[in-house]
Number of protein chains: 6
Amino acid sequence: MIRVGDTHVLCTASLEARVPPFLRNTGKGWVTAEYGMLPRSTGSRMRREAAAGKQGGRTVEIQRLIGRSLRAGIDLVALGERQITVDCDVIQADGGTRCAAITGGWVALRLAVNKLLKAGDITTDPLMDPVAAVSCGIYAGQPVLDLDYPEDSEAGVDGNFVLCGPKLIEVQMSAEGSTFTRDQMNQLMDLADKGVSELVAAQLQATA
Amino acid sequence: MIRVGDTHVLCTASLEARVPPFLRNTGKGWVTAEYGMLPRSTGSRMRREAAAGKQGGRTVEIQRLIGRSLRAGIDLVALGERQITVDCDVIQADGGTRCAAITGGWVALRLAVNKLLKAGDITTDPLMDPVAAVSCGIYAGQPVLDLDYPEDSEAGVDGNFVLCGPKLIEVQMSAEGSTFTRDQMNQLMDLADKGVSELVAAQLQATA
Amino acid sequence: MIRVGDTHVLCTASLEARVPPFLRNTGKGWVTAEYGMLPRSTGSRMRREAAAGKQGGRTVEIQRLIGRSLRAGIDLVALGERQITVDCDVIQADGGTRCAAITGGWVALRLAVNKLLKAGDITTDPLMDPVAAVSCGIYAGQPVLDLDYPEDSEAGVDGNFVLCGPKLIEVQMSAEGSTFTRDQMNQLMDLADKGVSELVAAQLQATA
Amino acid sequence: MIRVGDTHVLCTASLEARVPPFLRNTGKGWVTAEYGMLPRSTGSRMRREAAAGKQGGRTVEIQRLIGRSLRAGIDLVALGERQITVDCDVIQADGGTRCAAITGGWVALRLAVNKLLKAGDITTDPLMDPVAAVSCGIYAGQPVLDLDYPEDSEAGVDGNFVLCGPKLIEVQMSAEGSTFTRDQMNQLMDLADKGVSELVAAQLQATA
Amino acid sequence: MIRVGDTHVLCTASLEARVPPFLRNTGKGWVTAEYGMLPRSTGSRMRREAAAGKQGGRTVEIQRLIGRSLRAGIDLVALGERQITVDCDVIQADGGTRCAAITGGWVALRLAVNKLLKAGDITTDPLMDPVAAVSCGIYAGQPVLDLDYPEDSEAGVDGNFVLCGPKLIEVQMSAEGSTFTRDQMNQLMDLADKGVSELVAAQLQATA
Amino acid sequence: MIRVGDTHVLCTASLEARVPPFLRNTGKGWVTAEYGMLPRSTGSRMRREAAAGKQGGRTVEIQRLIGRSLRAGIDLVALGERQITVDCDVIQADGGTRCAAITGGWVALRLAVNKLLKAGDITTDPLMDPVAAVSCGIYAGQPVLDLDYPEDSEAGVDGNFVLCGPKLIEVQMSAEGSTFTRDQMNQLMDLADKGVSELVAAQLQATA
């Protein structure tokens, strides 16, 4: 369970011997993610996706991002031909759920890999630097780290940054009905660097 | 959040001004329920229903039962033309999730109704005796209360009893590939009475 | 075709050599059921489920009940590794369709098993006592057997009882917006015993 | 219930006050049709469309044909702003189910319209000559009327003809992996004329 | 890309080594078709079928017709155990799209087969006479060839004729809310013969 | 129709008087986008999404990006309460289809807005600088503009940049199984600036 401000996300990792068809007999493993929100995680109740009969575009987009991010920080060959599915379920949401899911998902992944190492199923640690993510944006003209929900929904520019140590894995900045300059982009990157280093410290403590 | 043994269910109640079409302009309210399990609530990971594109038959059956049970313990006219949706999400499952959902769902409903009373939106308390449910079954020839998962999956006869004070709301006993006698049915009913009275004490304490 | 009052249900049994995956190479067979209603079987036309794109919760609940009931009255090992699918299609409905489907479904199952015995495909009769079901309820304060549709829709308590000879397979009693006592439950059980013995006589005559 | 050879189709007509949106406030009515087959209507059990989650292409094609055919034989203005839905459910199939459905569907429509006339809801009879349909085809080089299932599945050319008295409503001739000449087309038309006149006699008798 | 009047259809043929299950190890091949319309191919924008979550009845009907028509003009044994899928996507529509799709689909099929012949994968040409289709109808009392969209939507009788040289593959004539005589049917057939011979000339030129 | 290298995308804009519910009576307009690929636009045939029964995650992600990008370059209040839907259909794909769709989509939007201005339906031009997008990535260690498909599928880092004149609308950089540095990010931004200015020249010429 990761808590960032008032956002609480339950992250678990499940190991399977099977890999997706395109990896069979390649010796490589796979990491994938699924994401969901409880109907009452938000201020007003959301419709349950299982009842609606499909996952919305936002859900699909987020779970692809989580999977891609976690894969960038792991050596799939060293993992061996097995799949780890990371489930991220939002219990309470107050902005930045996708970033909390990536950061907490890495902790779940780290613990699952530790078990494999301890059991001797793998001998080399496939994980590199911790993968962590922060959201930041431009709110009322100012760059702000970790937007909470009221800020997030009014921000003109919204960014998500996924890092693996000093390296970048994913940069997404988007303006809804607005634009931004390259200077502002650099300010947000600086904020992100700072935010991620705090998260990494917490991740290392949780998995020590 | 209700915990019965190792079964943990998160129950919340959401109020809406709208009622289903068949109740519009009748002055009567409605209580409905939705039920879900997190993929990793069970020992081995389950497929996410939102990803499968529909709620399974078991989910639909359970959420109909929860709704029916809670409605039997409330005066819908005194509630007035509003709908309360009770969401029950299983975080961890070890048998008896539907009973835990009903028992915890009533607590969420009680708290939501208390708010309406406090705000003066309704003047008469529409809730009657607490609604609580237990599962029991015949395991290795013996009647047992609160089957945990290993017992549940091997029990020849499986029963769910929903009570509202001394009165019955729902009795379900079913034998998978087996049968039972009327005497056994009465023994299970006795066990259920006993189990429910303990739950009611806990419900009253939680909502005092 | 079974007729109980004005309820007419067409029941057929289809034999397949294949069993569901979890039974392959176990030597055990399986009995499953599907249930449907013609759009005009009820007083006012219902929407066709195939057009709606899915089976409703009620349909799923009923076909699970029929399958579970018929399986409780058959020795799946003696049946051998084959599957029998019982289709129950309601041509005309006037209350108690699920009970009529179980009772008629057993007749179809009996005839299908007779063919297997006659052909020498199985040597021991896997069927035990006939499986039959009745609905009863409390209508206008009185316990009543075989509720017809107008009674059914107004009954405060509605029960379905599935028996296999003197033994019980399934007991379901539920109160919609009401409650019942343990005495009333016992009165309904007595009525059910009586109703089932008449149905069994008819089943044995139809399959003699 | 119409029986043509071993094909049995249950046809019913249901009246509704509502018409589809494109006809609202035009004073014109509508006739539409739905078609279904019971899983065991054929020699070997078919998958239930409600379980499959959608109506197959063949079902959709057939119900469009039935609706179009019945509409061609009725004056929708004289019917007034009401909709009649004709349900055709195949209980037992041995070839030519779509033609039996049209022919039997007209009988159900005729009876429904008679009720409206008797009740004084409409004053002019909107129905013209009976609408009836036959299938014919070229089997083993010979034009044949009313192909039964074994003939149908081997016929090189398969035709369906819908007539309204001496006039044509629909002609469909198709060759699966084969071709036909214009002479053969005319021979089939002659056969169809003859077949339809017998059906019309039966329709008039059934609705007299 | 075929252009008939203002109707433009993009037709492509894709070859696969796999055939449908019912043809495996029979030495026979298969030809199938898929059909789609771009949302803006019509005067006012249509809803995208992928967004609606399913192909409409009209689409399914048309792609079955295209597949059936093309199969009637090819020797599936000479094609050998391979499948050709013909995709017909309507870029701009002004009536007669299904006929344009068949006519253009044959050109794509001819070019794909030519490649197989050139590569020596097959030695006998499996294609017979060109398969071409025209729509005609009765508009304002007059038989008309190649109805454009305004004519088509007001025509009382609408016909599609698929020919393979002098032979017929498919004849479909249907009256929406109207009827026609056998004389009119013959006049339309004459028009169709004439129209198809012009298309065949163009097909042969395009594939020379 | 926009052509960038061997990528061809057909873009059209459709105007509707209706806006989505959340904008009704606000005086503001809306721009939305839909995206599709013809099955044969890629080297080997893709499955048709309408046949699969839903739009894939990639399609949903792309059409949300196109809509968001175009909205950032238009004053929705000046557009007035009307909706413009931009359809982008990929006829032939060789990398960078989402960028081509945005760039071509703006041209379609420009032409649609010109019509509104010419007709006097709006008096102020709601469009700002042209919106254009380029993809670039790091391929074999080198930053490259406009990756074609073979480069794209092997690139370690893949970026999409949407600009509106000198301002940024969206920056997406992602590494699949790899990472990148901040320096590399800046090099890609420089390339993007250069690429977009060429596209803008072409856009202005096409809409002059």
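**Exercise 1. A salt bridge of Arg64(E)**

Task: Find the salt-bridge partner of Arg64(E) and decide what the pair joins.

Solution.
Step 1. Arg64(E) and Glu61(D) form a salt bridge, with their closest N and O atoms 2.8 Å apart.
Step 2. Place each residue. Arg64(E) sits in helix H2 (residues 57–72) of chain E, and Glu61(D) sits in helix H2 (residues 57–72) of chain D, so the pair joins two chains.
Step 3. Check exposure. Glu61(D) has a relative accessible area of 17% and is therefore buried, since the cut-off for buried is under 20%. Arg64(E) has a value of 35% and is partly exposed.

The model used here and below is a predicted one.

**Exercise 2. Salt bridges in chains B and C**

Task: State how many salt bridges the structure holds, then work through one that involves Asp190(B) and one that involves Arg18(C).

Solution.
Step 1. Over all chains, the structure holds 36 salt bridges.
Step 2. Take Asp190(B). Its salt bridge is with Arg182(C), and the closest N and O atoms are 2.8 Å apart.
Step 3. Locate the ends. Asp190(B) belongs to helix H6 (residues 182–206) of chain B, Arg182(C) belongs to helix H6 (residues 182–206) of chain C, and the pair crosses between chains.
Step 4. Compare each value with the cut-offs. Asp190(B) is partly exposed, at 45% relative accessible area. Arg182(C), at 25%, also counts as partly exposed.
Step 5. Now take Arg18(C). Its side chain meets that of Glu16(C) in a salt bridge, at 3.3 Å from N to O.
Step 6. Classify this pair too. Arg18(C) has 59% relative accessibility and so counts as exposed, because exposed means over 50%. Glu16(C) is partly exposed, with a relative accessible area of 31%.

A general point helps here: side chains of opposite charge can pair when their charged atoms come close.

**Exercise 3. The interface of chain F and chain A**

Task: Describe the contact between chain F and chain A by residues, area, polar links and elements.

Solution.
Step 1. Count the residues. Chain F gives 31 residues to the contact and chain A gives 31 residues.
Step 2. Take the area. The two chains, F and A, bury about 2,800 Å² between them, and 50% of it is on carbon and sulfur atoms.
Step 3. List the charged links. Six salt bridges cross the interface of chain F and chain A. Arg182(F) and Asp190(A) meet in a salt bridge at 2.8 Å, N to O.
Step 4. Add the polar contacts. Between chain F and chain A there are 14 residue pairs in polar contact, both residues at pLDDT 80 or more.
Step 5. Name the elements. On the side of chain F that touches chain A, helix H2 (57–72), strand S8 (167–175) and helix H6 (182–206) of chain F give two or more residues. S8(F) supplies the largest share, nine residues.
Step 6. Sort by class. This side of chain F has twelve nonpolar, eight polar and eleven charged residues.
Step 7. Look at the strands. Strand S8 (residues 167–175) of chain A pairs with S8(F) in the antiparallel sense over five bridges. Gln172(A) stands opposite Gln172(F) in S8(F).

**Exercise 4. The interface of chain D and chain C**

Task: Repeat the analysis for chain D and chain C, and report the count of salt bridges.

Solution.
Step 1. The contact draws 23 residues from chain D and 23 residues from chain C.
Step 2. Chain D and chain C bury about 1,800 Å² between them, with 51% of it on carbon and sulfur atoms.
Step 3. The salt-bridge count between chain D and chain C is zero. The count of residue pairs in polar contact across this interface, both at pLDDT 80 or more, is also zero.
Step 4. On the side of chain D that touches chain C, strand S2 (7–16), strand S3 (30–37), helix H1 (49–52) and strand S4 (83–92) of chain D each supply at least two residues. S4(D) gives the most, with five residues.
Step 5. By class, this side of chain D has nine nonpolar, six polar and eight charged residues.

**Exercise 5. Chains that do not touch**

Task: How far apart are the nearest C-alpha atoms of chain A and chain C, and of chain A and chain E?

Solution.
Step 1. Chain A and chain C do not touch, and their nearest C-alpha atoms are 11 Å apart.
Step 2. Chain A and chain E have no contact either, and their closest C-alpha atoms lie 11 Å apart.

Methods
Residues are numbered from 1 along each chain as its sequence is written. Chains are lettered from A and ligands numbered from 1 in the order in which they are written. This is a predicted model: local features need pLDDT of at least 70, side-chain atom pairs count only at pLDDT 80 or more; totals for chains, interfaces and linings use all residues. Side-chain values use heavy atoms; hydrogens and water are left out. A salt bridge is a side-chain nitrogen of Lys or Arg within 4 Å of a carboxyl oxygen of Asp or Glu. Helices (H or I, at least four residues) and strands (E, at least two) are DSSP runs, numbered from the N terminus. Buried means under 20% relative accessible area, exposed over 50%, partly exposed in between (1.4 Å probe, protein chains only). Contact means heavy atoms within 4.5 Å. Buried area is the accessible area (1.4 Å probe) that two parts lose on being put together, summed over both. A polar contact is a pair of N or O atoms within 3.5 Å; within protein, one must be able to donate a hydrogen and the other to accept it, and residues adjacent in sequence count only if both atoms are side-chain atoms. Ala, Val, Leu, Ile, Met, Phe, Trp, Tyr, Cys and Pro count as nonpolar, Asp, Glu, Lys and Arg as charged, and the others, Gly among them, as polar. Two strands pair if DSSP finds at least two bridges between them.
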